[in-house]
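The following paragraphs walk through one protein structure, beginning with a single loop residue and then turning to the sheet, the helices and two further loop positions. It may help to keep the sequence and the coordinates in view while reading.

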Amino acid sequence: MTSEQSPEPESAPEQTSTPRRAGFAYAFGRMLLTPLARLIYRPRVEGRENVPMDGPVIFASNHQSFIDSIAIPVTAPRPVHFLAKSSYFEGTGFKGAMSRMFFTSIGAIPVRRGAGQAALDALDQQKQLLDDGLTVALYPEGTRSDDGRLYKGRTGVAFLALETGAPVVPVGLIGTDLVMPRGAKMPSLRPRVTVKFGAPLDLSTHGPASSGRARRQATDEIMAAIHALSGQELAGVYNEPPAQNPIEKIKQALPHERR
């Protein structure tokens, strides 16, 4: 539906190591969004019974559209947290307030995205939520697919699963790219969306989170499960922007772990 609470309108959220949990605003927003989304889009939902109703859970989904982060919360049987760009919460005026209200209502947690410390902070926030027995939703591909193919997964999801022991519920989203493709300002009202929740995966058999091999094998199992649900063509490569200079080309060509 990526895998992202509400500060005072006149202030921007500070990046902290303690994530905000879904609270009243999320529950109220979900109560409004769920029937509205189901009335308009009549989503087909399969496998809701596969989602454990207590304890930590990681939803790992394919990613084709902005509305993926709406499709999962309104169809999942449990509250879902996911990370969203902090800029969505930092706007001013009426538009900024509406943006904060919307993203809060769908269970989003503001983070400053990027590499290095920013990426580690994001992983730490998700780990805290899982340690508290909550759920998080993530997109192993890292970013939206522009061509409809399923790209190779990055290992951050597997790291969280192996580190916390949380089961991973694979999610296959179908049709969200038709409802709101990249660049669209408003969603279309005609296509139907299908959300498939797969059987939870216990990845502990692959080894500890400290093992690169275990993270890679666990990630490949997650992506295979997502592929079985979504039916997308496999890209076989990472979804990365074109290299802008020779150094970036070298970095992408060298073997390294994409977390």
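The model shown here is predicted, and the walk begins at glutamine 232, which is placed in the loop between α7 (212-230) and α8 (246-253). Is this loop residue buried or exposed? Glutamine 232 has a relative accessibility of 8%, and because buried means under 20%, the residue counts as buried. Its side chain takes part in a polar contact of 2.9 Å with the side chain of asparagine 62, and a polar contact of 2.9 Å also joins it to the side chain of serine 230. If residues up to four places away in sequence are left out, glutamine 232 touches Asn62, Gln64, Gly148, Arg149, Leu150 and His227, so that asparagine 62 appears both as a polar partner and in this list of contacts.

From here the view can move to the sheet. Five strands form an open sheet in the order β1-β7-β6-β2-β5, and their pairing is mixed. At the edges stand β1 (44-46) and β5 (135-138), and since each of them has a single partner strand, one side of each is left without a neighbour in the sheet. On average, neighbouring strands are turned by 20° against each other when direction is ignored.

The pairings can be followed across the sheet from β1. Three bridges connect β1 with β7 in the parallel sense, and within this pair arginine 44 has threonine 194 of β7 as its bridge partner. Strand β7 (residues 194-197) is in turn paired with strand β6 (residues 168-174), in the antiparallel sense and over four bridges. Which residue of β7 is the bridge partner of isoleucine 174? The partner is threonine 194, the residue that also serves as bridge partner of arginine 44. Elsewhere in β6, glycine 172 stands opposite lysine 196 of β7.

Towards the other edge, β2 and β5 run parallel and are joined by four bridges, with valine 57 having threonine 135 of β5 as its bridge partner. Although β5 is an edge strand, both of its faces are covered, for Thr135 and Ala137 on one side and Val136 and Leu138 on the other are all buried.

Two helices can now be added to this picture. Helix α5 (residues 156-164) packs on the sheet, where it touches β2 (57-61), β5 and β6, and its direction makes an angle of about 165° with that of β2. Helix α7 lies across β2, β6 and β7 and runs at about 35° to β6, so β2 and β6 are met by α5 as well as by α7.

How are the two helices placed relative to each other? The axes of α5 and α7 come within 8 Å and cross at roughly 110°, an angle that falls in the range of 65 to 115 degrees, and the helices are therefore roughly perpendicular to each other. On the side of α5 the contact is made by Val157, Ala158, Phe159 and Leu162, and on the side of α7 by Ala214, Arg215, Ala218, Thr219 and Ile222. Sorted by class, these are seven nonpolar residues, one polar residue and one charged residue.

Helix α5 is largely enclosed by the rest of the structure, because seven of its nine residues are buried. The buried ones are Gly156, Val157, Ala158, Phe159, Leu160, Ala161 and Leu162, and Val157, Ala158, Phe159 and Leu162 also belong to the contact with α7. After α5 comes glycine 165, which has a positive phi near 80°.

The loop between α5 and β6 also holds proline 167, which counts as partly exposed at 23% relative accessibility. Its C-alpha atom is separated by 5.5 Å from that of valine 57, a residue 110 residues apart from it along the chain. Valine 57 is also one of the residues that proline 167 touches, the others being Pro52, Pro56, Ile58, Pro200 and Leu201 when residues up to four places away in sequence are not counted.

The walk ends in the loop between β7 and α7, where threonine 205 lies. With a relative accessible area of 70%, threonine 205 is exposed. Its C-alpha atom is 8.8 Å from that of alanine 218, with their positions 13 residues apart in sequence numbering, and alanine 218 is among the α7 residues that make the contact with α5.

Notes:
Residues numbered from 1 in each chain as written. Heavy atoms only, no water. Buried < 20%, exposed > 50% of the residue type's maximum accessible area, 1.4 Å probe, protein only. Polar contact = N/O pair within 3.5 Å; in protein donor to acceptor, adjacent residues only side chain to side chain. Contact = heavy atoms within 4.5 Å. Pairing = 2+ DSSP bridges. Axes fitted to C-alpha atoms, helices over the stretch in contact; angles between N-to-C directions. Parallel < 35°, antiparallel > 145°, perpendicular 65-115°, else oblique. Nonpolar A, V, L, I, M, F, W, Y, C, P; charged D, E, K, R; others polar.
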